[in-house]
Amino acid sequence: MVAERPIRTYLDYNATAPLRREARAAVVAALDTAGNPSSVHAEGRAARQLVETARADVGRLAGVPARCVTFVSGATEAANAALNPRLGLGPAEPPLERLIVSAGEHPCVLHGHRFPPSAVETAPLLGDGRIDLDWLADACRRPGRALLALQGANNETGVVQPVAAAAAIVHAAGGFVFCDAVQLAGRVAFSLAGLGADALALSAHKLGGPKGAGALISASAGTSLGHPLLRGGGQERGVRAGTENVASIAGFGAAAEIAAIEAADETPRLAALRQRLADAVREAAPDAVEFGRDAPRLANTLCFAVPGIEASTLMIALDLAGVAVSSGAACSSGKVAPSHVLAAMGVAPDLARGAIRLSVGWGSTERDVERFSAAFCAAARRIRAGRSRVADLASEAGRV
Ligand code: PLP
């Protein structure tokens with residue numbers, strides 16, 4: 001007898017979106033392609049074809065020609081590669097002197113750049129989660145050409161940054177802009193030109209592709225990406241050495257192809273699901289605080305806290321009830337420190353410690369909302385009644 005798999009409700013698309021069927025098929029097919037994309041024989045050319053098809057698909061998603069796409073292992077590598085003092089510069093130009101990062105950036109930007117600490121300035125966020133553009137304009141009046149790192153949308157709150165407006169300020173001062181567009185891709189329609197950025201980072205696993213593939217996208221094939229991180233063979237136009245991860249790249253391409261077609265139509269559906277999730281939270285916990293709701297936000301993300309309830313307690317209770325959510329950023333799960341994003345928005349540490357993130361995506365349905373609502377209502381009641389021990393929660397979970 002085959003054991004039935006328990007039904008799970010997955011509300012953590014901003015950490016990783018489930019693999020799309022089409023992406024899985026592309027990965028499996030590519031695994032059976034023997035050749036090295038750098039080889040000239042038929043097997044090699046078949047592997048090269050897979051990589052180049054994916055390059056065109058990822059380029060289309062970001063509104064750029066295929067030649068502007070460099071495949072890397074993920075957005076972390078893209079940020080580490082791009083955020084160096086020679087990004088965007090010609091060979092004769094002196095290096096960039098300053099890096100400005102918004103306070104809500106992902107750790108791969110905050111800690112992954114290659115500027116000396118003395119060159120780094122942090123752009124504050126307003127209370128609604130958006131970058132303070134007045135601060136940025138003042139900063140750009142100071143001497144020294146700058147590179148701005150500003151994400152398209154925040155992974156914890158979903159707040160969408162005014163990248164185009166920020167880029168106009170930075171460009172007017174002769175600087176460059178790197179945009180971590182990881183959370184935009186597959187959630188909304190976007191393009192590199194619309195964002196006004198010089199370089200973008202994308203990650204396959206956030207839009208239904210496999211983990212371990214990403215892209216660094218430049219405004220033109222001639223844009224200097226500065227010192228490569230990986231040196232060796234001449235793969236990826238000499239920018240990123242090493243035999244291409246053909247299977248993951250093929251899966252990335254398949255997921256990007258669907259995302260490019262569906263993103264705009266998905267937005268209203270995801271917004272409706274998010275609204276129902278927010279209603280469920282408010283009904284069970286009228287004092288819940290929703291973060292980022294005064295700013296433009298991704299339609300798929302809901303970040304909230306219930307005063308007096310620790311995120312870890314609630315997250316475990318929901319997990320036991322079959323519902324996967326995240327407390328703040330998945331990468332920082334297990335850390336007790338409250339989110340740096342909420343701190344930058346001025347959220348009090350006590351409240352921030354309760355921050356839970358729900359994020360929906362291509363596979364989410366009304367049924368997920370119903371299961372979350374039932375589990376959340378039971379968990380919040382139980383925790384508030386003071387019975388927050390895991391054993392108690394587990395027994396409660398059995399009844400949800
Ligand atoms: N940037 C943002 C906004 C993210 O949410 C993530 C993933 O957590 C990353 C960058 C890192 O992406 P990857 O897992 O591809 O390195």
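Biologist: In which sense do strand 3 and strand 4 pair, and over how many bridges?

Modeller: In this predicted model, strand 3 and strand 4 (residues 120-123) pair in the parallel sense over four bridges. Strands are DSSP runs of E, at least two residues, and helices are runs of H or I, at least four residues, numbered from the N terminus; two strands pair if DSSP finds at least two bridges between them. Ile100 has Glu121 in strand 4 as its bridge partner. Strand 3 also runs parallel to strand 5 (residues 146-149), joined by four bridges, with Leu99 opposite Leu147.

Biologist: Which way do the residues of strand 3 point, and are they buried or exposed?

Modeller: In a regular strand the side chains alternate between the two faces of the sheet. Here Arg98, Ile100 and Ser102 point one way, Leu99 and Val101 the other, and all are buried (under 20% relative accessible area with a 1.4 Å probe, protein chains only; exposed is over 50%, partly exposed in between). Because five of the five residues of strand 3 (residues 98-102) are buried, the strand is largely enclosed by the rest of the structure.

Biologist: Where does helix 8 bend?

Modeller: The bend at a residue is the angle between axes fitted to the seven residues ending there and the seven starting there. Helix 8 bends by about 60° at Ala263. The end C-alpha atoms of this 39-residue helix (residues 246-284) are only 47 Å apart, short of the 57 Å of a straight helix; that expected span is 1.5 Å times one less than the number of residues.

Biologist: How should the numbering and values be read?

Modeller: Residues are numbered from 1 along each chain as its sequence is written, and side-chain values use heavy atoms, leaving out hydrogens and water. Local features need pLDDT of at least 70, side-chain atom pairs count only at pLDDT 80 or more, and totals for chains, interfaces and linings use all residues.
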